[in-house]
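Open the model in your viewer and keep the selection box handy. This tour goes stop by stop, telling you what to select and what you will find there.

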Amino acid sequence: MNFVIARDCFARNDITFMKLGIVTDSTCDLPQYLIEQHGLEVVPSILIIEGKEYADGEDISRDEFYKRLPDFKIHSTTAAPSIGEFARRYQKLLDSGCDHVISIHAAGPLTSMVSTAQQAAREFSNRITVIDSLSLSLGLGFQVLAAAESSEDGFEAALGAIESTRRRLRVFAALDTIEYVRRSGRVPGTIAFLGSLLSIKPIIELADGEVKAIHAVRTMKQANARMLTFIRQGGSLERLAILHTGAEARAREFLNQLMNEMSQSLPRDILMVNVTTVIGTHVGPYALGFAAVRV
Amino acid sequence: MGIDTVRVGRLRGKPLDGQAVKRLVEAGLLWLKTNQQTVNSLNVFPVPDGDTGTNMMLTMTSAWNEIKDSGEKHAGKMVAMVAKGALMGARGNSGVILSQLWRGFARATQDSAIIDAEVFVRGLMEARDTAYKGVVKPVEGTILTVAKDTASAAEAALAEVQDPIEILARSVPAADASVNQTPELLPILKQAGVVDSGGKGLFFILEGMLRYIYGEPLDTPLTTVQPLSSLNFDEAMQEVEEGQDYEVVVDFFPGQHFELQKFYGKLEEMGTSIQVGEGDGMYRMHIHVPLDKRYEPIDYIMGIGTITKIAMENLTAQMDEMDAKTKSSKLELAKVESNQIAVVVVSPGPGLSRIFASLGVAAIVGGGQTMNPSTQEILSAFENLPTEKIIVLPNNKNIILAANQAKEVTVKKVEVVPSKTVPQGLAAMLAHNPDGELAVVTEKMIKALSEVTTGEITVATRSVEIDGVNVKEGEVIALLDGTLVASSKSIEDGVMAFLNKAKAEEHELITLYYGEYLSQSDANRIADVVRGAYKGQEIELQDGGQPHYQFIISVE
């Protein structure tokens, strides 16, 4: 894992007690109030729609994006922000009195966010630690939150919190169609049902930075039932986010189901997130997912 | 048919050695073959599938092929070969149970060079026990009951006679009585007005042995007329003889002086693959003839009756078309690694095979509705796969036992996910994960079976009243998860009646797999009717290509 290597760059004593800044990117899907509460710097990722660049969540709203997604003439694609974007955030945090910055980002195997951040970090002589979250959306967001919540206890504590969160984290999604993921090229071609002649709804797990197809179902009801099973397998949860791509009604219905069936094991705050367009481009509209961290 | 001391039987009083066993097996097979259509027609549901007679005959044929060239004198060794052949060739539920009867019989007789009365009876008892054990939930009123009653009769006879042939002679009437009793034990048989087909098949095998002993004929009396519904020209199609290029089918009402024997004799002069069926006084004649004789049967029949319909097809051209079809639809099957789980499915149609392949199936065994694959065919489908971990989806209730038998025979780790219908098989396939653990994946796939409701739309092969539904031969019938739920005048009505019974309006997705007897435009038209009626549901139409069933439907 990337951060293990990064950690070796530091002598333990130097960095235990220092003021930490945290940079992430917009694929973390954290709501604005949490970003402000923890003073996080968020680099927007880039979406390319019919040849034009949009900053994720800034130039185009998520609601609008998902509404238009099925009608795009040319498939939308994504791009990492520039090195300069990262460098600007690092500089800003260091200028405001941070001794060190943790820069934690969307899964390296799926995006070029981590490698771009690493290039930017080179200019700051070991004051930036770039971490590959190996996850997306709140799978990344929850690692960021864990780091932020323990950042006052120092660098080691923050890294420990990230590692611990990652160990207890599971991210699943039930896609409404196989079309988008099929053409995204982000899923291994060996997955059998990518070639399905039947219309199917794949269920995928995001783990270790890879998209893994768990299996497929044919109806939304079957998909929801599977997702409930996966959540239940986690036992009591410390954090939970319901993720969707322009499918708020479906997400609410799922949340209600969840509350009815296992309210005891749910955390007090449950996030409900219309996920980043950068992910939405690859999974398509009307998908439902969750990121859960067990206790 | 008691013991007729007047008739001097072959084998009577002679030791029952390996060669005698061979003759008896041959006789059992021949007599079963002769009565194959009778057994086939004993179908509970008036649907064109589960041909028990054919399945049992093919199972026995496989047994016979194992011994036909053998000069083995040791009876036990001969029976062991019979059991092996039956096991590998077992098709359909009755075929599998038949193979288990042989297996049990072989176990009890293995050390006996000569089968005496005591060994013979022990064999029948062991056969019964093995067959009962082979079935998860034994049902009375089936072939199992007939095997049981036969064994009991043999056991009783042992107190009085010391000749295995005498014991067989006393057991056969008991088997007959047992068959006739099956409707009393199994209500569905009574409702359908039939006796159990598997039991009847077993009876014919035993009776054939006895007929051989008595020197009675075993070959097919050519003058048999089949019920119209059981005529199957597809099989005749597969064996086109050199030079017999045309298939002629004529429907006619015979005149006053119609003589069946003469009719057959005349037809034999013209061609081959002769089949004659009768229903409500109407006869249907089927024959393969050479090009220059193609009008002869028509001219002849015109002279002896009133022709209502003629159909003539160029078989050679058809065969070419079939060949082209199989070649053009080469399937892309999943390549499995040595550590992965491979799925083997039984598929009844080329379209369904393509769909299964697109979902990652590693091997496909053709068959299903009328042609049930044998244990051997299922076995060879996965024996060559480069992995030890196999899951089999039979996709038909009549193939589950054969799949289980294949599992018993192989050294590979095989799990059978007991899918009874194609939609169940597809649902299970979606839950497949080639990289998972065999037990876990199997469990998930079994769970997925219950997620769909299956509909089957076909044409009734005979008139019957069953489960409160009154069906006339030729009407369209709808089955919901294997139960008859409606009969109707048209395919469209049948589809709608099924969807109504399946409460499709409460579900999300209706998938219609249309069969080979339905044109794409007809299928499209019916799908549009369904779309109009079920606006809240997604409707998907797929080319299934299955025979006999106009539609296979899943509701989920």
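What follows is a walk through a predicted model, beginning with chain B and ending in chain A.

**Stop 1: chain B as a whole**

Select chain B and orient it along its principal axes, where its C-alpha atoms fill a box of roughly 75 × 70 × 45 Å. Switch to a cartoon view and you have 21 helices and 17 strands to look at. The radius of gyration is 25 Å, close to the 24 Å that the globule rule gives for 556 residues, so chain B is as compact as a globular protein of that length. If you colour by burial, 54% of the 556 residues of chain B come out as buried. A contact map of chain B is worth a glance too: among contacts between residues at least 6 apart in sequence, 70% join residues at least 24 apart.

**Stop 2: the domains of chain B**

Now give each domain of chain B its own colour: domain 1 is 18-214, domain 2 is 241-314, domain 3 is 328-449 and domain 4 is 453-555. Put a distance label between the centres of domain 1 and domain 2 of chain B, taken over C-alpha atoms, and it should read 36 Å.

**Stop 3: the nonpolar cores**

Which residues touch the most other members of the largest nonpolar core? Select B:Val344 and B:Val361, which hold that place in a core of 242 residues. Then highlight residues 75-89 of chain B: this is helix 4, which gives the most to the core, with 10 residues. A second, separate core has 12 residues, including B:Val248, B:Val250, B:Phe263 and B:Val289. As background, nonpolar side chains tend to be buried together in soluble globular proteins.

Go back to B:Val361 and show its surroundings. Leaving aside residues up to four places away in sequence, B:Val361 touches B:Leu333, B:Ala334, B:Val343, B:Val345, B:Phe356 and B:Met429.

**Stop 4: helix 18 of chain B**

B:Met429 leads to the next selection, helix 18 of chain B, where B:Met429 is one of the buried residues. Helix 18 is mostly covered, with 9 of its 9 residues buried. Among them are B:Pro423, B:Gln424 and B:Gly425, along with B:Leu426 and B:Leu430.

**Stop 5: where chain B meets chain A**

Show both chains and select the contact between them, which takes 18 residues from chain B and 17 residues from chain A. On the chain B side, helix 15 (350-358), helix 18 (422-430) and strand 16 (538-543) each supply at least two residues. Helix 15 of chain B gives the most to this side, with 3 residues. Colour the chain B side by class and you get 8 nonpolar, 5 polar and 5 charged residues.

**Stop 6: the two domains of chain A**

Hide chain B and colour chain A by its domain assignment: domain 1 is 2-45 + 80-167, and domain 2 is 169-294. Their contact takes 19 residues from domain 1 and 18 residues from domain 2 of chain A. Helix 7 (137-149) and helix 8 (155-167) of chain A each supply at least two residues of the domain 1 side, and helix 7 gives the most, with 4 residues. By class, the domain 1 side divides into 8 nonpolar, 8 polar and 3 charged residues.

**Stop 7: A:His38 and its neighbours**

Select A:His38, in the loop between helix 3 (32-37) and strand 2 (41-43) of chain A. A:His38 is partly exposed, with 15 other C-beta atoms within 10 Å. Not counting residues up to four places away in sequence, A:His38 touches A:Ile22 and A:Ala148. Add A:Ser151 to the view: its C-alpha atom and that of A:His38 are separated by 9.7 Å, although the two residues are 113 apart along the chain.

**Stop 8: helix 6 of chain A**

Select residues 113-121 of chain A, where A:Met113, A:Val114, A:Thr116, A:Ala117, A:Ala120 and A:Ala121 are buried. Look down the axis of helix 6: these buried residues fall within an arc of 165°, so they line one face of the helix.

**Stop 9: two positive phi values**

Most residues other than glycine have a negative phi. A:Ser125, in the loop between helix 6 and strand 7 (128-132) of chain A, has a positive phi of about 25°. A:Ser125 is exposed, with 7 other C-beta atoms within 10 Å.

For the last selection, return to chain B and pick B:Asp481, in the loop between strand 13 (476-480) and strand 14 (483-488). Phi of B:Asp481 is near 45°, again a positive value, and B:Asp481 counts as partly exposed, with 15 C-beta neighbours inside 10 Å.

Key
Residues numbered from 1 in each chain as written. Chains lettered and ligands numbered in written order. Predicted model: local features only at pLDDT ≥ 70, side-chain atom pairs only at ≥ 80, totals over all residues. Buried ≥ 20, exposed ≤ 12 C-beta atoms within 10 Å, placed from the backbone. Arc of directions from axis to C-beta. Domains from an automatic or database assignment. Contact = placed C-beta atoms within 7 Å. Nonpolar A, V, L, I, M, F, W, Y, C, P; charged D, E, K, R; others polar. Rg over C-alpha atoms; globule rule 2.2 N^0.38 Å. Core = buried A, V, L, I, M, F, W, Y, C linked by C-beta atoms within 7 Å.
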